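Take a first look at the chain below. Then follow it step by step.

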Amino acid sequence: QEDMKAAAEMTPEERRQMIEGMVDRLASKLAENPQDPDGWARLMRAYMVMGMKDKAQESYQQAQTALKDNKPALAQLAALADQVGLTTN
């Protein structure tokens, strides 16, 4: 709750920096533990919300490599990628 209150008092630039920091931390966690399909989905969505489609596409490709033996996770991420307008080939 305190984080939400603090975010409400931030300037738009400060909020953007805070959000970018959170996304960067998620990307770092996935670099350390790439076997997290939910994490990849959150990262792809975050990049799309931030208007960073190229980064979302790159994350999707990284997820496909990391999860190549997890068919259900690949199907879930492909559906998300299609939903948000990423290339799924």
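What follows goes from the overall layout to individual helices and residues.

This is a predicted model. The protein has five helices and zero strands. Read along the sequence, the pattern is α-α-α-α-α. The C-alpha trace spans about 45 × 25 × 20 Å along its principal axes. The protein has 89 residues, and 27% of them count as buried. Now consider contacts between residues at least 6 apart in sequence. Of these, 46% join residues at least 24 apart.

Start with helix H2, residues 12-32, and its partner H3. Their axes come within 10 Å. They cross at roughly 145°. The crossing of H2 and H3 is left-handed. Which residues meet there? From H2 come Val23, Leu26, Ala27 and Leu30. From H3 come Gly39, Trp40, Arg42, Leu43, Ala46 and Tyr47.

Stay with H3, which covers residues 37-49. Its 13 residues should span 18 Å at 1.5 Å a residue. The end C-alpha atoms are 18 Å apart, so the expected and modelled spans agree. The buried residues of H3 are Pro37, Gly39, Trp40, Ala41, Leu43, Met44, Ala46 and Tyr47. They pack against H2, H4 and H5. After H3 comes Gly51, whose phi is positive, near 80°.

Pick out one residue of H3: Leu43. Is Leu43 buried or exposed? The cut-off for buried is under 20% relative accessible area. Leu43 has 2% relative accessibility, so it counts as buried. What does Leu43 touch, leaving aside neighbours within four places in sequence? Its contacts are Val23, Leu26, Ala27, Leu30 and Ser59. Val23, Leu26, Ala27 and Leu30 are the H2 residues that meet H3. Ser59 is one of the buried residues of H4. Leu43 and Ser59 are 16 residues apart in sequence. Their C-alpha atoms are 7.2 Å apart in space.

That contact leads to helix H4, residues 53-66. H4 has 14 residues. From first C-alpha to last it reaches 20 Å, close to the 20 Å expected at 1.5 Å a residue. Ala56, Gln57, Ser59, Tyr60 and Ala63 are its buried residues. Seen down the axis of H4, these fall within an arc of 160°, so they line one face of the helix. On the other side of H4, Asp54 and Thr65 are exposed. What covers the buried residues of H4? The cover includes H3 and H5.

One residue of H4 to look at is Gln57. Its relative accessibility is 15%, so Gln57 counts as buried. Not counting residues up to four places away in sequence, Gln57 touches Leu86 and Thr87.

Next comes helix H5, residues 71-84. H5 has 14 residues. Its reach is 20 Å from first C-alpha to last, close to the 20 Å expected at 1.5 Å a residue. At the start of H5, look at Asn70. A side-chain oxygen of Asn70 reaches to within 3.1 Å of the backbone nitrogen of Ala73. At the other end, H5 is followed by Gly85. The phi of Gly85 is positive, near 90°.

Which residues of H5 are buried? They are Ala73, Leu77, Leu80 and Ala81. Seen down the axis of H5, they fall within an arc of 100°, so they line one face of the helix. Lys71, Pro72, Asp82 and Gln83 are exposed on the other side of H5. The cover over the buried residues of H5 includes helices H3 and H4.

Finish with Ala73, which lies in H5. Ala73 is buried, with a relative accessible area of 4%. Neighbours within four places in sequence aside, Ala73 is in contact with Pro37 and Leu67. Pro37 is among the buried residues of H3. Now compare Ala73 with Asp38. The two are 35 residues apart along the chain. Their C-alpha atoms are separated by 8.6 Å.

Put the helices together. The buried residues of H3 pack against H2, H4 and H5. H3 and H5 help to cover the buried residues of H4. H3 and H4 do so for the buried residues of H5.

Definitions and conventions
Residues numbered from 1 in each chain as written. Predicted model: local features only at pLDDT ≥ 70, side-chain atom pairs only at ≥ 80, totals over all residues. Heavy atoms only, no water. Helix = DSSP H or I, 4+ residues; strand = E, 2+ residues; numbered from the N terminus. Expected span 1.5 Å × (residues − 1). Buried < 20%, exposed > 50% of the residue type's maximum accessible area, 1.4 Å probe, protein only. Arc of directions from axis to C-beta. Contact = heavy atoms within 4.5 Å. Polar contact = N/O pair within 3.5 Å; in protein donor to acceptor, adjacent residues only side chain to side chain. Axes fitted to C-alpha atoms, helices over the stretch in contact; angles between N-to-C directions. Left-handed = near helix turned anticlockwise from the far one by under 90°.
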